[in-house]
Amino acid sequence: MSPSASPALQQQRRGFWLRTLHQWHWISSAVCLIGMLLFAITGITLNHAAKIEATPEVTNRTATVPAAVLATLGDRQEGNAPLPAPVADWLEQALSVSVGSRPAEWSDLELYVSMPGPGSDAWLSIDRETGAVEYEKTRRGWISYFNDLHKGRNAGPAWGWFLDIFAVACLVFCITGLFLLYLHGRQRSMTWPMVGLGLLVPLLIALLFIH
């Protein structure tokens, strides 16, 4: 190999890695963009949650389960199990409440279903003797809704999968960014001091002000 071939080969390799890293970087940034905006905004609202006033909205509904539907509860006395399909269907039609396959707490007197969600809490009880149904839902507003999405609180498995995929995309975005900083670092003298500052500031705050 001639002396001039080695620098040319190195330049080709550098160009390949630059193109590849740029491609992965912009794709991961596009995937992460909306999620990162959401998490940045809700990071601020979570940090100031005590200062953000919200007026909970409480909804109460009552009804009585027909005897034929109530009979499908059978003789189960205790434990946790979903409601029978006829009871779940009737609740959705009569009260517009979808219990799905959520487990209910069974006792000889009543059934109790807890139905928390992002930015809300709800519960439903059924008197096994009279069929009396009581339902209550408390909504805490949109800020609380998005704060709970940020934490993955009561958001279900689909949102949990989204958080995992989003986290992987963020890792790809950050790692490709780090390699791009390395490749461009020689031409930009402030690259590594700025990276070091990003590490030093939170480290000093954690050591000096968090007890």
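Which of the 23 residues in the largest nonpolar core touch the most other members? In this predicted model, these are L83, L91, M115, L124, I126 and V133. Two or more residues are given to this core by each of helix 2 (67-70), helix 3 (85-95), strand 3 (103-106), strand 4 (110-114), strand 5 (120-127) and strand 6 (132-139), and the largest share, 5 residues, is that of helix 3. The surroundings of I126 can be listed in detail: once neighbours within four places in sequence are set aside, I126 is in contact with V65, L70, L83, V87, L91, L109, E110, L111, A132 and V133.

A second core, separate from the one described above, consists of 8 residues, among them C32, F39, L149 and W159. W159 also appears among the buried residues of helix 5, together with L163, F166, A169, C170, T176, G177, L180, L183 and H184. Helix 5 comprises 29 residues (residues 156-184), and because a rise of 1.5 Å a residue gives an expected span of 42 Å, the distance of 42 Å between its end C-alpha atoms agrees with expectation.

Contacts to residues distant in sequence are illustrated by L21, which is placed in helix 1 (residues 5-47). With a relative accessible area of 11%, L21 falls under the 20% cut-off and is therefore classed as buried. When residues up to four places away in sequence are not counted, L21 touches T176, F179, L180 and L183; of these, T176, L180 and L183 are listed among the buried residues of helix 5. Between L21 and F173, which are 152 residues apart in sequence, the C-alpha to C-alpha distance is 9.5 Å.

Notes:
Residues numbered from 1 in each chain as written. Predicted model: local features only at pLDDT ≥ 70, side-chain atom pairs only at ≥ 80, totals over all residues. Heavy atoms only, no water. Core = buried A, V, L, I, M, F, W, Y, C linked by side-chain atoms within 4.5 Å. Buried < 20%, exposed > 50% of the residue type's maximum accessible area, 1.4 Å probe, protein only. Helix = DSSP H or I, 4+ residues; strand = E, 2+ residues; numbered from the N terminus. Contact = heavy atoms within 4.5 Å. Expected span 1.5 Å × (residues − 1).
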